[in-house]
Amino acid sequence: MTYVAADNRYESMPYRRVGQSGLQLPAVSLGLWHNFGDDKPFETQRAILRRAFDLGVTHFDLANNYGPPYGSAETNFGRHFRDDFGPYRDQLVISSKAGYDMWPGPYGNWGSRKYLLSSLDQSLERMGLDYVDIFYSHRPDPETPLEETMGALDTAVRSGRALYAGISSYSPEKTIEAARILREMGTPLLIHQPSYSMLNRWVEDGEPDLFAALQEVGAGSIAFSPLAQGLLTNKYLNGVPEDSRAAAGKSLDQSQLSEENLERVRGLNSIAESRGQSLAQMAIAWVLRTRPDGASITSALIGASSVKQLEDSLAAVNNLEFTADELRRIDEYAVDSKINLWAAALEA
């Protein structure tokens with residue numbers, strides 16, 4: 001049956017401007033890190049993507065090695081795009097990234113010009129696209145000059161293969177330097193994609209912290225893993241379900257489900273209940289809050305394994321406000337819990 005997008009799709013989702021650019025993103029975006037590889041039913045993927053767009057999610061985020069196997073999320077998304085979303089291309093923001101291992105040998109990893117541009121060409125072919133809206137350096141490369149990596153992003157934009165340039169998991173200092181290099185080339189840094197959640201607050205550390213760095217360079221931000229790889233849901237309040245990420249060893253190790261961490265989750269869940277939200281909804285809303293200095297995350301990047309889970313997460317936009325007392329109570333439990341799987345990238 002031919003897909004026709006809902007007429008009211010723009011009525012409930014708020015949109016936020018990305019830094020000092022003209023681009024706006026939905027407050028909640030959909031990431032295809034999990035659940036869109038060949039291990040998930042194609043029809044389930046289709047139902048999630050259709051429902052997301054019908055609810056105002058205009059941004060779909062991918063990377064070259066999302067799967068499994070590597071590349072399959074982009075290949076599957078390409079089929080969905082061809083079947084359902086082609087007529088809506090100009091209403092979509094589609095992003096991809098390169099920086100982690102993709103193919104064997106010295107040219108299929110990290111941040112060289114050869115790897116990044118070759119990977120982008122492959123991503124476009126897999127998805128059947130002429131361009132992506134955002135192309136990211138997925139992580140900093142300690143062995144490649146930053147000028148080379150940023151030069152590859154500049155080429156991607158100037159060649160028309162990408163509209164905007166982004167970075168992910170860069171430290172505040174590296175973010176400022178990357179933005180300077182790009183600015184001198186004439187291609188502004190649009191956006192940074194950090195991990196960020198109530199249990200992983202590294203973006204608030206340092207002088208300057210990442211928020212201050214992004215304000216300085218005029219870039220926006222999109223936070224991935226706002227649910228702490230699923231820890232900030234009600235899934236683990238009473239054990240480890242057999243179908244969970246922790247049970248499967250996918251991005252959440254059972255060692256992270258310490259009693260100390262679970263006590264924090266239970267405390268946060270109690271606050272969420274008092275707000276009339278699920279824990280996941282409150283966790284997403286908290287990431288999107290405006291800080292006292294006026295800084296805020298542009299968009300929260302979520303995953304979804306079902307339409308029901310997607311709908312629950314997107315309902316976070318119905319209550320994005322916090323009282324000072326709620327934020328104080330949350331801070332009692334929202335502390336670093338040693339779950340940042342991407343911390344090593346910050347040392348590069």
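**A parallel barrel and its strands**

Strand β9 (residues 220–224) and strand β10 (residues 299–302) are paired in the parallel sense over 3 bridges. This is a predicted model. Within this pairing, F224 has L301 of β10 as its bridge partner. β10 is also joined to strand β3 (residues 28–31), again in parallel and through 3 bridges. Here the bridge partner of V28 is A300 in β10.

These pairings belong to a closed arrangement: 8 strands form a barrel in the order β3-β4-β5-β6-β7-β8-β9-β10, with parallel pairing. From one strand to the next the twist averages 30°. Strands of a sheet pair through backbone hydrogen bonds, and the pairing may be parallel or antiparallel.

What covers the two faces of β10 is not stated here, but both faces are covered. S299 and L301 lie on one side, A300 and I302 on the other, and all four are buried, meaning under 20% relative accessible area. In a regular strand the side chains alternate between the two faces of the sheet.

Strand β5 (residues 93–98) can be read in the same manner. Of its 6 residues, 6 are buried. V93, S95 and K97 point one way from β5, while I94, S96 and A98 point the other way.

The neighbours of β5 in the barrel order are β4 and β6. Strand β4 (residues 59–61) runs parallel to β5 and is joined to β5 by 3 bridges, with F60 standing opposite I94. The connection between these two strands passes through helix α2 (residues 72–85), and β4, α2 and β5 make a right-handed β-α-β unit. From β5 the chain then crosses through helix α3 (residues 113–127) to β6, and this β-α-β crossover is right-handed as well. Between β5 and strand β6 (residues 132–137) there are 4 bridges, and the two strands run parallel. A98 stands opposite S137 in β6.

Turning to the chain as a whole, there are 11 helices and 10 strands. The radius of gyration is 19 Å, close to the 20 Å that the globule rule gives for 348 residues, so the chain is as compact as a globular protein of that length. Along the principal axes, the C-alpha atoms fill a box of roughly 55 × 50 × 40 Å. Of the 348 residues, 59% count as buried. Among contacts with a separation of 6 or more, 75% come from residues 24 or more positions apart. The accessible surface comes to about 14300 Å², and 48% of this surface belongs to carbon and sulfur atoms.

Key. Residues are numbered from 1 along each chain as its sequence is written. This is a predicted model: local features need pLDDT of at least 70, side-chain atom pairs count only at pLDDT 80 or more; totals for chains, interfaces and linings use all residues. Side-chain values use heavy atoms; hydrogens and water are left out. Buried means under 20% relative accessible area, exposed over 50%, partly exposed in between (1.4 Å probe, protein chains only). Two strands pair if DSSP finds at least two bridges between them. Axes are lines fitted to C-alpha atoms, for helices over the stretch in contact, and angles run from 0 to 180 degrees between N-to-C directions. The radius of gyration is taken over C-alpha atoms; the globule rule is 2.2 Å times the number of residues to the power 0.38. Contact means heavy atoms within 4.5 Å. Accessible areas come from the Shrake-Rupley method with a 1.4 Å probe; for residues, only the protein chains shown count as cover. A crossover is right-handed if, with the strands pointing away from the viewer, the path from the first strand over the helix to the second runs clockwise.
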